[in-house]
Amino acid sequence: MRESFWGVMIVVLGIISMFLVYFFQNITNTGDHNYEILKETTEAAMYDSLDLAAYRYDGTVRIDRELFVESFFRRFAQNATLQHQYHVIIYDVHEEPPKVSIKVSTLGAETTTTLTTGQATSFLLTHTIDAILETKW
């Protein structure tokens with residue numbers, strides 16, 4: 001009888017550990033995906049919004065604020081997953097020298113129901129980036 005309890009305990013611990021591995025893997029993948037989207041989209045939007053007329057005229061490297069915001073949201077919407085709701089805040093855009101500060105939060109990214117209480121638990125994943133455009137010019 002004692003050996004059967006050990007067998008049941010090992011099976012239950014295996015099921016619980018599989019649930020925990022799946023749960024944390026899902027959170028980690030969502031966080032990595034959001035960070036990579038934020039980093040790549042910010043860099044591409046900064047290159048898209050370079051003011052080439054100012055560079056040709058007097059050699060200053062600057063970006064256009066409205067063009068940056070438009071390009072950032074367009075690129076972010078193209079690459080974001082549809083299963084999450086995002087909250088994007090652009091804190092600061094300096095045109096010269098080119099610098100931006102952006103915060104992206106995934107609202108309700110991970111919602112799970114616990115087995116014992118039946119309550120839903122959700123996590124808010126937040127990523128912040130401060131980017132300065134460096135060019136070879």
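I would like to begin with one residue, Phe72, which, if we leave aside its neighbours within four places in sequence, is in contact with Leu38, Thr41, Thr42, Ala45, Val88, Ile90 and Ile102. Please keep in mind that what we are looking at is a predicted model. In this model Phe72 counts as buried, because its relative accessibility is 0%.

Phe72 also belongs to something wider, since the largest nonpolar core has 18 residues, and Phe72 is listed with Phe68, Phe76, Val100 and Ile102 as those with the most contacts inside it. The elements that contribute two or more residues to this core are the helices α1 (2–48) and α3 (65–79), together with the strands β1 (85–94), β2 (99–113) and β3 (120–132). Of these, α1 gives the most, with four residues.

Let me turn now to the aromatic rings, where the count comes to four pairs. In one of them, the rings of Phe72 and Phe73 have their centres 5.7 Å apart and their planes at 75°, which is over 60 degrees, so the pair is edge-to-face. Phe73 itself is partly exposed, with a relative accessible area of 37%. Another pair is Phe76 with Tyr86, whose ring centres are 5.2 Å apart and whose planes stand at 85°, so this pair, too, is edge-to-face. It links distant parts of the chain, as Phe76 sits in helix α3 and Tyr86 in strand β1, 10 residues apart.

Are these two residues buried or exposed? Phe76 is buried, with a relative accessible area of 6%, and Tyr86 also counts as buried, at 19%, because the cut-off is under 20%.

To close, ring pairs link Phe68, Phe72, Phe73, Phe76 and Tyr86 into a cluster.

Conventions. Residues numbered from 1 in each chain as written. Predicted model: local features only at pLDDT ≥ 70, side-chain atom pairs only at ≥ 80, totals over all residues. Heavy atoms only, no water. Core = buried A, V, L, I, M, F, W, Y, C linked by side-chain atoms within 4.5 Å. Buried < 20%, exposed > 50% of the residue type's maximum accessible area, 1.4 Å probe, protein only. Contact = heavy atoms within 4.5 Å. Phe/Tyr/Trp six-rings, centres within 6.5 Å; stacked < 30°, edge-to-face > 60°.
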